[in-house]
Amino acid sequence: MKDRKLLMIPGPIEFTPEVLRAMGMPTTSHVAPNFIEVFGQALERLRQVFLCPSGQPFAIAGSGTLAMDIAAVNLVEPGDKALVVNTGYFSDRFAAILECYGAAVTQVRAPAVGDVPALEEVEAALKGGGYKLMTVTHVDTSTAVAADVKGLTALGRKYGVLVVVDGVCAVAGEEMRQEEWGIDLALTASQKAIGVPPGLALVVAGPRAIDAFRNRKTPVANYYADWTQWLLIMEGYEARQPRYFGTPAVNLIWALNVSLGQILDEGMDARFARHRRLSEAFKAAVNALGMKQVPVSPDKRATTLTAPYYPDGVDRTVLGHIKEAGVILAGGLHPAIKDQYFRIGHMGVVSASDILATVGAIEKGLAQVGYKFEAGVGLAAAQAVLTRQ
Ligand code: PMP
């Protein structure tokens with residue numbers, strides 16, 4: 001019997017055998033001709049996955065937080081005003097990073113945990129605010145709340161601010177059309193819907209973001225994150241002429257190229273639709289099992305993960321039983337409600353059978369802690385969505 005557990009947390013996710021094989025290949029030189037080709041191709045594919053044909057891609061060793069650091073330190077100068085559309089834990093992090101580089105940060109906060117600030121409120125802040133930049137967390141992984149990136153970006157455009165999207169829990173899962181929507185910089189990390197083990201910070205910067213960087217009056221206050229260096233590297237590899245600054249994460253880049261190829265083979269529209277359908281099926285199960293979700297209304301729910309509150313009388317010990325039943329889930333993260341809810345990631349290569357296996361394990365865990373429900377009701381609700389034409 002297989003005793004491998006299914007990893008259904010909001011990153012790292014499960015990876016395809018082809019991606020894992022690329023990780024296990026003998027490491028090449030970072031200037032080997034076949035690696036140069038792979039790095040160049042991966043950069044071209046990043047542009048396609050972010051749907052940003054005129055963007056400048058960056059793939060740099062580090063986690064998603066480095067991608068946020070790169071965005072902040074290259075785009076803001078001390079004293080610049082920045083607006084953070086705050087939907088939770090990772091928006092707080094962006095505010096802290098921006099402040100670290102001397103930005104004057106204003107935050108428009110969601111009225112409650114699980115909510116998003118109203119567009120009108122963001123517009124009121126933007127109007128006459130003199131902001132250089134605005135950040136939006138596409139999916140706040142702590143709450144499973146999705147922001148209206150399209151609507152917020154349109155506002156950013158209207159008021160001439162650079163729009164930066166933290167898409168760590170979104171890119172390649174949640175619908176995002178960087179160029180069409182007017183997003184100036186979108187970022188993610190390898191371990192989520194991009195489908196590569198942790199270790200790569202991925203950024204695509206549009207022309208206005210690159211211009212803002214080129215027009216800086218002060219130097220970038222971070223040695224490793226500075227685009228002065230990385231632009232030469234990325235342009236070089238894309239032109240199939242390697243240059244050295246910091247040694248690239250060779251195996252991760254090989255794996256990235258494989259995964260981006262698989263993503264593009266599926267097609268971005270098909271991929272967004274699959275994420276929507278699997279999310280809907282999973283959320284239908286959660287609902288049928290009598291669990292409420294952290295996002296305050298259905299239109300604010302992410303498609304890459306789900307955050308249900310534990311039902312009455314159930315606490316985080318249920319996660320141990322669910323794990324025994326074969327599926328690893330994540331606990332709460334948002335400090336205000338940490339012990340009241342749990343999180344399930346369903347992004348990347350996740351399939352309908354993964355959804356059913358997860359719902360089955362949750363049902364088993366809930367039954368073991370004495371929660372009363374009609375056995376199979378979650379599975380039936382998920383299956384009803386999954387088999388719908
Ligand atoms: N932003 C969001 C929305 C995230 O979900 C995460 C990680 N969970 C990060 C930023 C930070 O990424 P990392 O942990 O890879 O540094």
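These questions and answers look at how two domains of a predicted model meet.

Residues are numbered from 1 along each chain as its sequence is written. In this predicted model, local features need pLDDT of at least 70, side-chain atom pairs count only at pLDDT 80 or more, totals for chains, interfaces and linings use all residues, and side-chain values use heavy atoms, with hydrogens and water left out.

Me: What makes 17-266 a domain here?
Reply: An automatic or database domain assignment sets the bounds. Domain 2 is 17-266, and domain 1 is 6-11 + 267-386. Their C-alpha centres lie 28 Å apart.

Me: How many residues of each domain are in the contact?
Reply: Contact means heavy atoms within 4.5 Å. Domain 1 gives 31 residues and domain 2 gives 32.

Me: What does the buried area between the domains come to?
Reply: Buried area is the accessible area (1.4 Å probe) that two parts lose on being put together, summed over both. Here that is about 2500 Å², with 60% from carbon and sulfur atoms. On the domain 1 side, Met-268, Arg-271 and Phe-272 supply 23% of the area buried against domain 2, more than any other three residues.

Me: Why is the pair Arg-271 and Glu-266 called a salt bridge?
Reply: The rule asks for a side-chain nitrogen of Lys or Arg within 4 Å of a carboxyl oxygen of Asp or Glu. Arg-271 and Glu-266 have N to O at 3.0 Å, so the pair fits the rule. Across the interface of domain 1 and domain 2, the rule finds five salt bridges.
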